[in-house]
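The following exercises concern one protein model. Each task is followed by a solution in steps.

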Amino acid sequence: MKIAIIGIGTVGSAVATAVKNTGFVHEIVLFDRDGVRARAAAEDLGHAASFGFDVKISAVSNYRGIRGSDIVIIAAGANQKPGETRMDLLNKNAEVIKDIIPRVMSNVDAKKVKIIILTNPLDVMVMLATKLSKLPSGRVIGTGTMLDTARLRTILARQLDVSTQSINAYVLGEHGDSSVVDWTSATVGAVALDDFCKQMKISLPATTRNTIEHRVRNAAYEIIRGRGATWDGIGAAAADLLRCLINDEHRILTVSSVSGAGNEMVAMSLPRIVGANGVVATLKPKLSATESAGLRRSGKVIRKNYDTIS
Ligand code: NAD
């Protein structure tokens, strides 16, 4: 399995580390328009790989080097500076995706390649990459709200004193400020969240839920304020998605992918079954009227921004 990573900054390097540690990949090629940075990363990562799985890691100086890649991960582009929103990156990163996708498509097998998008604003970039690549929508996948969902599960697990693995709760919609927490479908093990709270005599009133939502939506801002950027979470999310694709796991992940047609066409995160062919099905989650309205609003935010750059 050969993986190409385009954009070897903070995120691309973290993704390479997480991917090499899966043990599912025999070759990783790194491309960045800053060739010195890519070569230095390949050296460092190659040394690290000698302590673990046998993975060949190299930097390539042009797109011919990505030939034969089964999956291409795009982590290139401007990141958020403190106080910036993901949508503030729209115009800059649309140019980056417009530069990268045609070059990628000239060097991969369009019949089988899958593209994973990490660049923000993620959902709009998924729409743009889907259009430019002309690939079936299920094979252009953004990590979407996988990370937001992980943040929600982590907070809830601590609040409820159970493992994150036992929390089935999703963040849907935009990977951004209009994301929506689906409280209605949330379960702990096989027990509905409200029932779990009743049985365990835990209080989770609307004010606490609002605070949790706020913490989930603001997690990236807080991390950027404290660390300058975010990388560990997205590295792990990208590697998890990759594992699901490589092993044809058919796990349900909140990834972003284009659905709908015409004016209704939009990419956003919904619970989707992911396997070797990419997104193979999308589920309709149970939502309250407020959550449904929030999801529609989120779709409109994504679509409105896409319309300004397409
Ligand atoms: P960074 O500045 O550290 O690295 C970006 C890299 O992209 C640089 O090395 C740069 O040379 C390269 N690059 C820029 N334009 C390029 C082009 N046209 N071709 C090839 N390489 C190019 O930024 P970062 O912190 O690594 O963030 C990268 C992207 O990932 C940002 O858009 C950021 O918002 C996004 N991100 C997404 C998530 C998520 O959950 N999806 C999480 C964190 C960051």
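Contact means heavy atoms within 4.5 Å. The model is predicted: local features need pLDDT of at least 70, side-chain atom pairs count only at pLDDT 80 or more, and totals for chains, interfaces and linings use all residues. Residues are numbered from 1 along each chain as its sequence is written, and side-chain values use heavy atoms, with hydrogens and water left out.

**Exercise 1.** Determine which residues Val72 touches, and place Val72 in a nonpolar core.

Step 1. Not counting residues up to four places away in sequence, Val72 touches Ala4, Ile6, Ile66, Val104, Val108, Val113, Lys114, Ile115 and Ile116.

Step 2. A nonpolar core is a set of buried Ala, Val, Leu, Ile, Met, Phe, Trp, Tyr and Cys residues joined through side-chain atoms within 4.5 Å. Buried means under 20% relative accessible area, with a 1.4 Å probe and protein chains only.

Step 3. The largest nonpolar core has 44 residues, and Ile66, Val72 and Ile74 have the most contacts inside it. Helix H3 (residues 90–105) gives the most to this core, with eight residues. Helices are DSSP runs (H or I, at least four residues), numbered from the N terminus.

**Exercise 2.** Is Arg209 buried or exposed? Describe its surroundings.

Step 1. Arg209 belongs to helix H7 (residues 206–227).

Step 2. Arg209 counts as buried because its relative accessibility is 16%.

Step 3. Leaving aside neighbours within four places in sequence, Arg209 is in contact with Trp183, Leu193, Asp194 and Leu204.

Conventions:
Helices (H or I, at least four residues) and strands (E, at least two) are DSSP runs, numbered from the N terminus. Buried means under 20% relative accessible area, exposed over 50%, partly exposed in between (1.4 Å probe, protein chains only).
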